[in-house]
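Colleague: I'd like to go through this model with you and hear the reasoning behind each label. Shall we start?

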Amino acid sequence: MRPRLLALDLDGTLLTEDCQLPMAHALAVKEIRQLGVQVAIATGRGLMTARLPWDHIGSRGPLVCFNGGWIGHPHDGTILSRTLSESDVHA
């Protein structure tokens, strides 16, 4: 059974330590999408800094920011938004 969704973190996973998107990573994401697998980004970053890598991989999948505090599509709007408690943020 083939997965239908691949969720990737940004820092230290999709991006290098200096926040660059290696061409090999971009090509791998493209190939995965061509297999019919939706690609999402899930990160602790905010929407403003997560949006650029999301755009660079040509994603159409959801973007999960603030460790789950915001879920949506940067161009199509919010799917879910919730305020995280201080203890949730620290965890």
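Colleague: Which residue follows H1, and what is the sign of its phi?

Modeller: That's Gly36, with a positive phi near 90°. Keep in mind that the model is predicted.

Colleague: What makes the span of H1 close to the expected one?

Modeller: H1 covers residues 23–34, so 12 residues, and the expected span at 1.5 Å a residue is 16 Å. From first C-alpha to last, H1 reaches 16 Å, close to that value.

Colleague: How do you know that Cys19 is in no disulfide?

Modeller: The two sulfurs would have to be within 2.5 Å. For Cys19 the nearest cysteine sulfur is that of Cys65, 14 Å away, so the pair fails the cut-off. The structure holds 0 disulfides.

Colleague: Why is Cys65 called buried, and what is Cys19 called?

Modeller: Buried means under 20% relative accessible area, and Cys65 has 0%, so it qualifies. Cys19 comes out at 43%, between 20% and 50%, so it is called partly exposed.

Colleague: What makes E1 and E5 edge strands?

Modeller: The open sheet runs E1-E2-E3-E4-E5, with mixed pairing. E1 (5–8) and E5 (77–81) each have a single partner strand, so one side of each has no neighbour in the sheet. The twist averages 20° from one strand to the next.

Colleague: How do you know that E3 and E4 pair?

Modeller: Pairing needs at least two bridges, and 3 bridges join E3 to E4, so they count as paired. They run antiparallel, and the bridge partner of Cys65 in E4 is Trp70.

Colleague: And which strands does H2 touch?

Modeller: H2 (residues 47–56) packs on the sheet, touching E2, E3 and E4, and its direction makes about 150° with that of E3.

Note on methods:
Residues are numbered from 1 along each chain as its sequence is written. This is a predicted model: local features need pLDDT of at least 70, side-chain atom pairs count only at pLDDT 80 or more; totals for chains, interfaces and linings use all residues. Side-chain values use heavy atoms; hydrogens and water are left out. Helices (H or I, at least four residues) and strands (E, at least two) are DSSP runs, numbered from the N terminus. Buried means under 20% relative accessible area, exposed over 50%, partly exposed in between (1.4 Å probe, protein chains only). Axes are lines fitted to C-alpha atoms, for helices over the stretch in contact, and angles run from 0 to 180 degrees between N-to-C directions. Contact means heavy atoms within 4.5 Å.
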